[in-house]
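Good morning, colleagues. Please turn to the sequence and the structure, which I shall discuss through a few selected positions and one pocket.

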Amino acid sequence: MDGGSSSGGNFKLYEQLELQEFPDKFVIKSVEAPDQGFVIGRRDGAIEPLNADSSSSNPSKTSTIYGVVGTIRLLAGNYLIVITSQIEVGKYLGFPVYRVTSMNFLSCNQVLKLSTAQEKKDEAYFMALLKTVQSTPGLYFSYETDLTLNKQRRSKLIGGWMAKPIWKQAEPRFVWNKNLLDELIEYKLDGFIIPLLQGNILNFQATQLKLKDSPVALSIFSRRCTRRLGTRMWRRGANLEGDVANFIETEQLVEFEGFKSSLLQIRGSIPLLWEQIVDLSYKPQLKIIDHEQTSNVVEQHFHDLFQRYGETIAVDLTDKHGDEGQLSKAYANETQNLPNVRYVPFDFHHICGNSNFENLKVLYEQLSELLEKQGYFLVDAEGNILEEQKGIVRSNCIDCLDRTNVTQSYLAQKCLDTQLQRMGVLDSTESISMFDEEYQKFRTLWAEHGDEVSLEYAGTYALKGDLVRYGKQTFGGMIKDGMRALSRYYLNNFQDGIRQDAADLISGRYMVRRDGSPRQMESFSYLPVASALLIGGLTVTSFTLQQAGRNAHQFMTSVFWAGVTAGVAAVVKANGRQFCSRPRLCRLV
């Protein structure tokens, strides 16, 4: 059953679906085409085509769903993942785009009651991970078009490409639920297969700029790669295949009187083998992993970029001293002999500090000739290609969040000026920065883009957002940055192990097997014990100190409990890694 429908030669997914629940099965059918659907058994998770007998009796419950995300097999059997609510956030190429606002996991098994105690314990942990997956931010989809290909690549598609099922059109590395679609693909349920893109909340909301009474639509699209998916501290650097953490393709799209122009930039963790394991310290030590395959990893990473984007300008925004300096030096050494790569170091903190946003002009002056050669993509109202982008700027700091977003927004503004001049909106001496209200819209769009990208990787909004939004640090911004930094510290140390396991499970990096418990499943958290001892010790010490002036015994009691508290604190500091939330399913590289 191929499913789907064709609208003007384009493939279209079934939009509104009906979920019928029976004691032995779930039935999912299209509201617009009631004869199209499928059945999944609640006993064994087996999928069957819809037939006349599928819903001949009355279901115990009927509800509306908005898409099928896929299936995942855990110890006790299959679970079906469905979209239970969504919101339209804008249009892409004229087609509506939606953000997932809630998902639900439907149990399609009855094996759990026959499982061993250990299997039930493991399954409970996996279910907790699925609960975490339900709150994944920034998932987008469209029923009528693929969202994973940038404008330049789309322009080169062969005739009839848009008539293919949307999952076949999609770029696999940007499909968040790729690992969940196998069974739906096997049963040829094309009309129900929705490729989800993880990006940011403003991807498809165009900001209307009115420059000299000329309406210009500006959008930012970000596409997160799923090959090394994870959280800020538990997914650093590259794997042995050259895939890097927090790899995001960002496209700034400008539209004016039928003309469409885009600029691509990418970000991604430094493509070496390195780690930064949380240990309760505010800034854990960076460690470069000495591996014989390091050079091959870096070479493979940049070869892949060249195949996709052309020559790469690798802008390294890290500090040039301390741990970051050692990592930066190793990165520079590995790239110096690579073809089609230009490594450009720029110590953001040293040159720009916390407030000198305009000092990025120093970087721009270094890159201006290279950027002019790379260009941007431009098509006219008839679809004729007038310009093509011939390379890419790859920016990174340590997290590829805060410093990276400030830098990308600056380069995007410089390109936007050129694009608007080419379209005739501005003359050769004008810049968007000369139009205060419109420039603020541009800055706000990039600041909110940075917030959402940061939320997906670090769990908080971005730091240094004021540099993007206002061009300088404000007092209120400093307070917000401080609060977000503390939130990151808490999440990194005490929550992200579970979030990382959830990402590894949903992306298929960890495959559930019945022949053994996951690695470290039995790990024990010492944090509650240590916290209780510290708080108890401080409380007793404080109380006895209040009484210490009365007699020597009370004073010695205070000294004793102060010593116990200090000892526990020393043990916690020396063994910080043991008190942090750690991933249990997969190793780091």
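Helices and strands are DSSP runs numbered from the N terminus, with helices (H or I) of at least four residues and strands (E) of at least two. This is a predicted model, in which local features need pLDDT of at least 70, side-chain atom pairs count only at pLDDT 80 or more, and totals for chains, interfaces and linings use all residues. Residues are numbered from 1 along each chain as its sequence is written, and side-chain values use heavy atoms, with hydrogens and water left out.

I begin with L180, which is located in the loop between α3 (166-169) and α4 (182-186). Is L180 buried or exposed? L180 is buried, its relative accessible area being 1%; buried means under 20%, exposed over 50%, and partly exposed in between, with a 1.4 Å probe and protein chains only. Although 111 residues separate L180 from V69 in sequence, their C-alpha atoms are 7.0 Å apart in space. Beyond its neighbours within four places in sequence, L180 is in contact (heavy atoms within 4.5 Å) with V69, G70, T71, I72, I81 and I506.

The second position is A314, in strand β19 (residues 311-316). A314 is buried as well, at a relative accessible area of 0%. Residues up to four places away in sequence aside, A314 touches F302, Y331, V341, R342, Y343, V344 and R394. From A314 to T335 there are 21 residues in sequence and 9.0 Å in space, C-alpha to C-alpha.

Next comes K29, within strand β4 (residues 25-30). Which side chain of opposite charge is nearest to K29? That side chain is E18, 4.9 Å away, and K29, though buried, has no salt bridge. A salt bridge here is a side-chain nitrogen of Lys or Arg within 4 Å of a carboxyl oxygen of Asp or Glu; Lys and Arg count as positive, Asp and Glu as negative, and His and the chain ends are not counted. E18 is nonetheless among the residues that K29 touches, which also include Q16, P34 and L50.

Finally, the largest pocket. A pocket is an open set of points on a 1 Å grid over the protein atoms alone, where a 1.4 Å probe fits, with protein on both sides within 12 Å along at least five of seven lines; lining residues have an atom within 4 Å of a point. The largest pocket is lined by 28 residues, with R232, Y282, D399, D402 and L463 nearest its centre. Two elements, α9 (402-423) and α12 (475-494), give two or more residues to this lining. The largest share, seven residues, comes from α12.
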